[in-house]
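Subject: Model handover and notes

Hello,

Here is the structure you asked about. Please look it over first, then read the notes below.

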Amino acid sequence: MQLKIYNSLAGEKEIFKPILEGNVGMYVCGPTVYSNVHLGNVRTFLSFDFIYRSLMHLGYKVRYVRNITDAGHLTDDGDVNNDRFVKQTRLEKLEPMEIVQKYTVDFHKVLDMFNLLPPNIEPTATGHIVEQIELTQKLIERGFAYESNGSVYFDVLEYNKRGLNYGELSKRNIEELFANTRDLDGQGEKKNPQDFALWKKASPAHIMRWNSPWGEGFPGWHLECTAMSTKYLGETFDIHGGGMDLKFPHHECEIAQGKACNDAAPVNYWMHANMLTMNSQRMSKSTGNYILPMQLVTGENDFFEKPFHPSIVRFCFLQAHYRSVLDISNDAMLASEKGFIRLMEAVKVLNSITPNDEKQSGFNLEEWKNKCYDALTDDFNSPILIAHLFEVVKFIFALNDNKETISTKDLEDLKSTLNAFVFEVLGLQTIEENNNEKLDQTLQVLIELRNQARKSKNFELSDQIRDKLLAEGIELKDGRDGTTYVLN
């Protein structure tokens, strides 16, 4: 099996060839912790959690680095009053690091809820100020950056004059970039309108500030990822991921910084997760089409008729390929819940199947496994993988109905493979709640009453119990080893 990854830089799928055989260095842009993590962010991080899990399942040793942006973060290189941390500290009347702590805790809580594995390293921007200053000094020494009024900017025009290509990732023409640049505060400090900040001078009112060779200030947004990724993964590493919205300018600037510093492309495979919409519209606070992850789980919102367990949300998200736009709606979540319950019921039923070594099964297990791995290695195609899982779900229920057989060897192989895909790769979790336990206990009582009715040849009562349960979406299955139930 050859793993193929869609490389945003090349614009096509490429066979994955790690720098060090059997090992993967992966960096994913993490959150800016000035507010609650939103559902679109969760979709991005969940996509790369699936990719991380898949790489490990395929046998790679992965060093996964995902940063925390906890330093002054400008929406542009202009007015420092646009710093999101400054705005939030004023709004909540808290110290900057109180804001950082509050929303970092929220970020981890939400990701834990959706069963995301933690990265191997989670560095912070404020913990790497020294490295960012050193990178800035190196870029100045190499003629790719210049100081202006206490701030330092990357010289995009100089970068291109040396035969490099600012815009190669986003496929943008530099002349068009210059022509379309808005007139921002602070542009007078720049040589060129597309030059971006490596270090910004702090105004007297600016709270987050550090000493530097150019005076007190704070690092530009793009610099932190270059500093942290190269420190932990090397000057060139395998995979860099993030949301589609980061392709320009953030990742474009990272490429320029890496090449200018080290005369080498910083990343071999650029991967971008697509956006999340709700009810076919962009999620936005301004339009009111917006929901926090916790509100989807608790049901405290005006968009969904009921709460949805985090594992059902995760299952819903993975039914779209990471490069496709994912649209969530009440109907989509209800459909995902139904599919999730059926998948989990199949996993449960499989454990009660009795093998039969005398008859040959009509299901080709090896062919099915190959199809699953073909989906996984074809740019981590989760929806196709899930479709193949439901092929085996159908087979499992046929086994339970004694319409199919399976050998002892194949049964153990199927159990192992299905559990690996469902729990390790997709990262789903069984829903074990008190209500479910009570439901199971109640159904077992009804099944026992029905069995007694059948023994007494009271078939009218037996059929009544079965039909009443079926009307409520609970199907009883009579087999050699007794009666089980399936939630439809």
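The notes below go from the whole chain to its parts.

This is a predicted model, where local features need pLDDT of at least 70, side-chain atom pairs count only at pLDDT 80 or more, and totals for chains, interfaces and linings use all residues. Residues are numbered from 1 along each chain as its sequence is written, and side-chain values use heavy atoms, with hydrogens and water left out.

**Overall**

The chain has 16 helices and 15 strands. Both are DSSP runs, numbered from the N terminus: helices are H or I with at least four residues, strands are E with at least two. Along the principal axes, the C-alpha atoms fill a box of roughly 95 × 50 × 35 Å. Of the 488 residues, 52% are buried. Buried means under 20% relative accessible area, exposed means over 50%, and partly exposed lies in between (1.4 Å probe, protein chains only).

**Around β9**

Strand β9 covers residues 237-243, and 7 of its 7 residues are buried. β9 pairs with strand β3 (residues 23-28) in the parallel sense, over 3 bridges. Two strands count as paired if DSSP finds at least two bridges between them. Val28 has Gly241 of β9 as its bridge partner. β9 also pairs with strand β10 (residues 267-273), again parallel, over 6 bridges. There, Phe237 is matched with Val267 in β10. Helix α8 (residues 247-262) joins β9 and β10 in a right-handed β-α-β unit. Right-handed here means that, with the strands pointing away from the viewer, the path from the first strand over the helix to the second runs clockwise.

**The UniProt motif**

An unreviewed UniProt entry places a short sequence motif, the 'HIGH' region, at residues 31-41. UniProt positions are given in the numbering used here, feature names are shortened, and annotations may be inferred rather than shown by experiment. In the model, the end C-alpha atoms of residues 31-41 lie 8 Å apart. The span is 27% helix and 0% strand.

**The three-stranded sheet**

An open sheet of 3 strands runs in the order β12-β11-β13, with mixed pairing. β12 (281-282) and β13 (326-328) are the edge strands, each pairing on one side only. Strand β11 (residues 276-278) runs antiparallel to β12, joined by 2 bridges. Met278 stands opposite Gln281 in β12.

Val325 sits in the loop between α10 (310-318) and β13. Val325 counts as partly exposed because its relative accessibility is 45%. Val325 and Asn274 are 51 residues apart in sequence, yet their C-alpha atoms are 5.4 Å apart.

**A helix pair**

Two packed helices are described by the angle between their axes and the distance between the axes. For helix α13 (residues 382-400) and helix α14 (residues 408-425), the axes come within 12 Å and cross at roughly 140°. That angle makes α13 oblique to α14. The crossing is left-handed.

**The last hairpin**

Strand β14 (residues 474-479) pairs with strand β15 (residues 482-487) in the antiparallel sense, over 6 bridges. Glu475 has Val486 in β15 as its bridge partner. The two strands, β14 and β15, form a hairpin with 2 residues between them.

**Terms for the helix pair**

Axes are lines fitted to C-alpha atoms, for helices over the stretch in contact, and angles run from 0 to 180 degrees between N-to-C directions. Angles under 35 degrees count as roughly parallel, over 145 as roughly antiparallel, 65 to 115 as roughly perpendicular, and the rest as oblique. A crossing is left-handed if the near helix is turned anticlockwise from the far one by less than a right angle, and right-handed if clockwise.

Best wishes
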